[in-house]
Amino acid sequence: MISYSRFTLSNGLRVIVHEDPSTPLACLNILYDVGARDEDPEQTGFAHLFEHLMFGGSINIPSFDAPLQDVGGENNAFTNNDITNYYLTLPAANIETGFWLESDRMLSLAFSEKSLDVQRNVVIEEFKQRYLNQPYGDEWLLIRPIAYTTHPYRWATIGKEISHISDAKIEDVKAFFSRFYNPSNAILVIAGNIKEAEAKRLTEKWFGEIPSGRKNLRNLPKEPKQISPRRETVYRDVPSGSLTKSYHMPGRISPEYHAIDLLSDILGRGQSSRLFNTLVKDQQLFSEIHAHVSGSIDPGLFVISGKLKDGVNPEDADAAIRQVIEDVKQKDFQEQELQKVKNKAESTHVFGELGILNRAMNLAFAELLGDANLVNAEMALVQAVTAAEIKSSAAEILNETNCTTLYYLQQQ
């Protein structure tokens with residue numbers, strides 16, 4: 001159970017405080033309610049570009065990292081299709097340095113052509129190294145625009161193409177910052193060895209006078225129901241072929257989410273899973289195979305992905321996956337199997353909350369989903385899932401008419 005308190009500043013900044021006197025550390029986690037889904041289709045990759053730009057210095061603090069390192073702190077950030085999350089950890093005695101740094105870049109990020117050029121080049125190099133020049137790197141650049149025809153999940157966080165970043169102008173970047181990086185569009189979590197009263201005092205001092213800005217109100221296009229199979233075959237210079245099947249599924253706050261998440265564990269989590277036992281151990285069609293859910297806020301994807309053994313026909317491997325799925329749909333499975341994946345989910349959850357930083361991140365994301373207390377209710381929801389619900393979810397989503405299949409094969 002994670003204890004916490006919450007308050008909201010007059011400018012709209014939502015704040016959660018989690019006291020933990022057992023640690024000498026404290027952390028600040030700021031979640032901005034902006035991700036790749038909020039981008040202009042002709043200017044993608046901006047949320048990720050901002051993840052880098054936010055470390056380029058603010059008006060009053062030209063170097064973000066140096067003052068933090070001087071007081072024993074460290075920081076980082078990540079961006080996905082739904083959110084952008086910045087976090088720092090430092091000795092609790094020096095927590096005010098964190099407030100100073102985070103508030104100044106929220107209030108007055110420094111914009112310069114030099115900083116934009118530097119970070120633009122960093123992102124372009126990342127695009128090339130991770131997505132274009134790395135084996136299997138472009139798989140999701142290929143899958144997304146096939147699986148999604150309408151919703152902005154159809155492009156990856158890195159963006160659709162390099163030109164969207166290389167052509168980014170300073171005025172475009174400023175407009176994106178003004179729209180999304182403000183108190184009314186952010187959630188601040190303060191966690192660690194700090195009292196609520198002190199956290200509130202420092203928050204008011206450093207964030208209270210920042211103009212609220214406008215809360216981002218989304219009106220994103222809904223993805224139409226997929227009614228026929230989609231398939232793509234590409235050839236690349238890779239060590240072995242791969243096969244990925246992506247099925248549309250409900251979003252993160254759907255009542256069916258936990259049943260579908262457990263279904264992915266039953267099918268493809270670890271060496272005792274259905275897919276691994278049947279297709280790796282027994283039939284030896286794959287060298288490895290996994291299943292997972294995207295976990296996205298809007299309706300996402302249930303993904304099965306595996307590396308083919310040499311000489312295996314992808315059509316045969318595809319048919320074998322479909323047969324394992326059919327068995328899950330048609331046959332009852334033992335309560336012991338369900339309890340096993342529930343226990344794995346719970347142990348992962350507990351392990352993920354050992355550090356104050358993870359607790360801070362989880363609180364921020366749960367608050368974004370609608371209620372910070374979801375971090376405490378999550379495992380009860382998982383344990384309440386029944387075998388019948390999992391079977392129903394499999395029947396509902398694991399159908400070829402709802403599936404995008406990518407054959408990613410070795411160059412001949």
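**Salt bridges, a cavity and a surface patch**

A network of salt bridges links R231, K245, E315, D318, R322 and E400. The model is a predicted one, and 25 salt bridges are found in the structure.

D33 makes a good place to look next. Its side chain meets that of K215 in a salt bridge, with 2.8 Å from N to O. K215 sits in the loop between helix 8 (196-207) and strand 7 (230-236), and D33 in the loop between strand 3 (25-32) and helix 1 (46-53), so this pair ties together parts 182 residues apart in sequence. D33 also forms a salt bridge with R218, where the closest N and O atoms are 2.8 Å apart. Here the parts tied together are 185 residues apart in sequence, because R218 belongs to the loop between helix 8 and strand 7. D33 is buried, at 6% relative accessible area, whereas K215 is partly exposed at 33% and R218 is partly exposed at 29%.

Within helix 4, E126 and R130 lie four residues apart, about one turn of the helix. Their side chains meet in a salt bridge of 3.0 Å, N to O. E126 counts as buried at 16% relative accessibility, while R130 is partly exposed at 45%.

Helix 4 (113-132) returns in the lining of the largest cavity, to which this helix and helix 7 (170-180) each supply at least two residues. The volume of that cavity is about 30 Å³. Its lining comprises L53, A110, F111, S112, S115, L116, I170 and V173, of which six are nonpolar, two polar and none charged.

On the surface, V350, F351 and L354 form a nonpolar patch with about 340 Å² of accessible area together. L354 is placed in the loop between helix 12 (335-351) and helix 13 (356-369), and counts as exposed at 57% relative accessibility.

Notes
Residues numbered from 1 in each chain as written. Predicted model: local features only at pLDDT ≥ 70, side-chain atom pairs only at ≥ 80, totals over all residues. Heavy atoms only, no water. 1 Å grid on protein atoms, 1.4 Å probe; cavity = no way out; pocket = protein on both sides within 12 Å on 5 of 7 lines; lining within 4 Å. Points joined across faces, edges and corners; volume = space filled by probe spheres on them. Nonpolar A, V, L, I, M, F, W, Y, C, P; charged D, E, K, R; others polar. Patch = residues over 30% accessible without salt bridge, like charges linked within 9 Å, V, L, I, M, F, W, Y side chains within 5 Å. Areas by Shrake-Rupley, 256 points an atom, 1.4 Å probe, with all protein chains shown as cover. Salt bridge = Lys/Arg side-chain N within 4 Å of Asp/Glu carboxyl O. Buried < 20%, exposed > 50% of the residue type's maximum accessible area, 1.4 Å probe, protein only.
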